[in-house]
Every structure is written in structure tokens, then in C-alpha cells.
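Good morning, colleagues. Please turn to the structure on the screen, and I shall go through its pockets, its salt bridges and two backbone angles.

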Amino acid sequence: MPSMGVILKNHNKSVLETEGQEEAVRQCNCRDKPNCPLQGHCLTTSSIYQADVLTEDGGSHTYFGLAEKDFKTRWSNRGRSFGTEKCKGETELSKLIWELGSGSIQYEIEWRAVAGCGSCRPGSGHCDLCLAEGLFILRGPCVDKRTEVVSECRHRRGFLLEFGGSSVPSL
């Protein structure tokens, strides 16, 4: 059994060797890397993404969305809304996909990240993620509704205190 001095020396050596090295941030955990939905960056957080829906008849539709957590989680939820009928009205993109599917129109979706920014922070008064998404929606023709731009930031809810619903308890 090694002495306490040898144990401490080995421990200090391993700590000091790894101290100067930064850990590489994992950007993709896809099993099939060439088919990653976001070209190897599916674990990107706080990002604005664009989905281009290309139809067999040459039509093109653009959708902008945001992912506060990693994109891959958001993407898998999108897949659920494309395949589950009770979720078909969740977003404008899922409505479009269901509309194309009911008309038997073949389509392909190309995903890409268009911006990265921070989400809502307590006391900031605004959410950069929602503002950036609104900017992309306002810039050009897309399937998103313009009312999304003026809707309340859903990321603020995580910082609100609630007392039995919306009422404050009486003293």
C-alpha cells in the first residue's frame, strides 16, 4: 500500500496537469454524425434556428424558432408534433407539415442555426432570445405568425414567484 505522501503527490500531479486544459464542449451526440440535423452542432444552446421546408413541386417555406436548451431536445419535440395528430397544431411549422401530408405532397426539411444569444435573465427587462427570433420573423416571408413578435416572453415565467396561482396570500 502506498504511503500518504505518494497518494498526495500523485493527486496533486493529476490536478495540476488537467488544470490548464479546457474541456472541449461537446457539440453533437448523434450516433450518425453525417445525418446530424444541425451539421454537427445539435447540442448548441440558446439559439435561433431556421427550418427550410422544400416541397417536391419546387415550393419553399421558411420557419424560425428558438431553442433555450439544446437544439436536439427541441428538434425531437418537433418530430413528435409532426407525427402525433393531437400535437399537430402546436406550431406553425407542424401545421404546415400536416397540411403538406394531408395533400400527399413530399417535402424535405433542412435545419440550420442562424443566431446564438442569451435567454432571459432576472431583472434584465428583456429576453435576447425572443427579441432575436422576432427580428428574423419580421425580416422576411416565413410561415411564422407576426403575432409571435408581440407575445409575452415565455422564458420569464421561470423567474416569477407564484403564491397559489395568481393571487397573493392574505395576511
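What volume does the largest pocket have? The model before us is predicted, and in it the largest pocket has a volume of about 550 Å³. Its lining is made up of 30 residues, and those nearest the centre of the pocket are E133, E148, S151, E152 and R154. Five elements each give two or more residues to this lining: strand β2 (60–70) and the helices α2 (71–83), α3 (92–102), α4 (128–139) and α5 (147–150). Helix α4 contributes the largest share, seven residues. Sorted by class, the lining of the largest pocket holds 12 nonpolar, seven polar and 11 charged residues.

I turn now to the second largest pocket, whose volume is about 160 Å³. Its lining consists of L66, A67, E68, K69, D70, T73, R74, N77, R154 and H155. Both β2 and α2 supply at least two of these residues, and β2 gives the most, with five residues. By class, this lining divides into two nonpolar, three polar and five charged residues.

The next topic is charge pairing. In general, side chains of opposite charge can pair when their charged atoms come close. How many salt bridges does the structure hold? The structure holds four.

I begin with R80, which forms a salt bridge with E90; the closest N and O atoms of this pair are 3.7 Å apart. Because R80 lies in helix α2 and E90 in the loop between α2 and α3, the pair ties together parts that are 10 residues apart in sequence. Are these two partners buried or exposed? R80 counts as partly exposed, since its relative accessibility is 40%. E90 also counts as partly exposed, at 45% relative accessibility.

Another salt bridge joins E85 and K88, with the closest N and O atoms 3.8 Å apart. Here E85 is exposed, with a relative accessible area of 51%, whereas K88 is partly exposed at 36%. The cut-off for exposed is over 50%, so E85, at 51%, falls in that class.

In helix α3, E92 and K95 lie three residues apart, about one turn of the helix. Their side chains meet in a salt bridge, at 3.1 Å from N to O. E92 counts as buried, with 17% relative accessibility, while K95 is partly exposed, with a relative accessible area of 36%. Salt bridges that share partners join E92, K95 and K145 into one network.

Finally, I come to the backbone. As a general rule, most residues other than glycine have a negative phi. Which residues here have a positive phi without being glycine? One of them is S46, with phi near 45°. S46 is found in strand β1, which covers residues 45–55, and S46 is buried, with a relative accessible area of 15%.

Another is S104, whose phi is positive at about 55° although S104 is not a glycine. S104 sits in the loop between α3 and β3 (107–116). At 59% relative accessibility, S104 counts as exposed. To set the two serines side by side, S46 is buried and S104 is exposed.

Thank you for your attention.

Conventions: Residues numbered from 1 in each chain as written. Predicted model: local features only at pLDDT ≥ 70, side-chain atom pairs only at ≥ 80, totals over all residues. Heavy atoms only, no water. 1 Å grid on protein atoms, 1.4 Å probe; cavity = no way out; pocket = protein on both sides within 12 Å on 5 of 7 lines; lining within 4 Å. Points joined across faces, edges and corners; volume = space filled by probe spheres on them. Helix = DSSP H or I, 4+ residues; strand = E, 2+ residues; numbered from the N terminus. Nonpolar A, V, L, I, M, F, W, Y, C, P; charged D, E, K, R; others polar. Buried < 20%, exposed > 50% of the residue type's maximum accessible area, 1.4 Å probe, protein only.
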